[in-house]
Amino acid sequence: MEEGIILTNLWVWIVLLVIILERTASKRISTRNERWLIERGGRAPKETHYRGLLLVQYLAFSSVVVELLYIKQTEVVFNRFFFICCLIVLCCKWWCIRSAGVFWNTKKITLPRVRLFKQGPYRYVKNPDYLLTLLEIAFISVLFGAYITAFVYPLLYIFFFKLTQSETQKVYKNA
């Protein structure tokens, strides 16, 4: 691969760095909230399918980089539409985090005898985090021209989401 392609696509690496920083920040918040919930008797669904969802997310973002470096042999053109879509999804994701407060976590830990809240995006969608992650995988992949990733990984994510949902519903019913 030519050095010029990497340098002219500097925006790609900046956006990837921002994605990594954002994911690190949200993971820290989730871990802190998980600890808080567990200390107060929180219950979590089995992690088997949750790990599958996480694996799909990590593999999807890794696949974007692989497509950029090894498959995509031309310069990636900046697409304003998909960049704005990515920003909207990111803002919605942080709206979820802010709306749920200490109850927001990636493992869907619940507290017994605490009703599910219906504020922020949770008024409109039962599990907005899952939908936003699905959109994030698709939009980021297309933004970087990683079309194979944009097709394959949302389908895998939907598959693992359906498995995870059945486990999560069991926990909500027993809470």
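**Figure 1. Aromatic pairs in the predicted model.** Let's start with the rings: this model is predicted, and it holds eight aromatic pairs. The view takes in one of them, W36 with F103, whose ring centres are 6.0 Å apart. Their planes meet at 85°, and because planes over 60 degrees apart count as edge-to-face, the pair falls into that class. Helix α2 carries W36, whereas F103 sits in the loop between α4 and α5, so the contact ties together parts that are 67 residues apart in sequence.

**Figure 2. A salt bridge between helices α5 and α2.** Here the side chains of E136 and R23 come together in a salt bridge, with 2.6 Å from N to O. E136 belongs to helix α5 and R23 to helix α2, so this pair links parts that are 113 residues apart in sequence. In the whole model, the count comes to five salt bridges. Keep both residues in mind, as each comes back in a later view: R23 beside the largest pocket and E136 beside the second largest.

**Figure 3. The largest pocket.** This pocket has a volume of about 530 Å³. Which residues come closest to its centre? Of the 25 that line the pocket, they are R23, L54, Q57, Y58 and K93. Helices α2 (10-39), α3 and α5 (128-143) are the elements that each give two or more residues to the lining. Sorted by class, the lining has 14 nonpolar residues, along with six polar and five charged ones.

**Figure 4. The second largest pocket.** About 230 Å³ of space lies in this pocket. Its lining includes I14, V15, V18, I19 and E22, together with F83, C86, L87, V89 and L90, and also E136 and I140. The elements that contribute two or more residues are α2, α4 (80-100) and α5. How many of the lining residues are polar? There are no polar residues here; ten are nonpolar and two are charged.

**Figure 5. A nonpolar patch on the surface.** Our last stop is the outside of the model, where V66, Y70, I71, I148, F151, V152, L155, L156 and I158 form a nonpolar patch. Together these residues have about 860 Å² of accessible area. Two elements, α3 (47-71) and α6 (147-174), give two or more residues to the patch. Which of the elements gives the most? That is α6, with six residues. I148 is one of the patch residues, and I148 lies in helix α6.

Key:
Residues are numbered from 1 along each chain as its sequence is written. This is a predicted model: local features need pLDDT of at least 70, side-chain atom pairs count only at pLDDT 80 or more; totals for chains, interfaces and linings use all residues. Side-chain values use heavy atoms; hydrogens and water are left out. Patches are made of residues with over 30% relative accessible area and no salt bridge: like charges are joined within 9 Å, nonpolar side chains (Val, Leu, Ile, Met, Phe, Trp, Tyr) within 5 Å. Accessible areas come from the Shrake-Rupley method with a 1.4 Å probe; for residues, only the protein chains shown count as cover. A salt bridge is a side-chain nitrogen of Lys or Arg within 4 Å of a carboxyl oxygen of Asp or Glu. Helices (H or I, at least four residues) and strands (E, at least two) are DSSP runs, numbered from the N terminus. On a 1 Å grid over the protein atoms alone, a cavity is a set of points where a 1.4 Å probe fits but cannot get out, and a pocket is an open set with protein on both sides within 12 Å along at least five of seven lines; lining residues have an atom within 4 Å of a point. Grid points are joined across faces, edges and corners, and a volume is the space filled by probe spheres set on the points. Ala, Val, Leu, Ile, Met, Phe, Trp, Tyr, Cys and Pro count as nonpolar, Asp, Glu, Lys and Arg as charged, and the others, Gly among them, as polar. Rings of Phe, Tyr and Trp (its six-membered ring) pair if their centres lie within 6.5 Å; planes under 30 degrees apart count as stacked, over 60 as edge-to-face and the rest as tilted.
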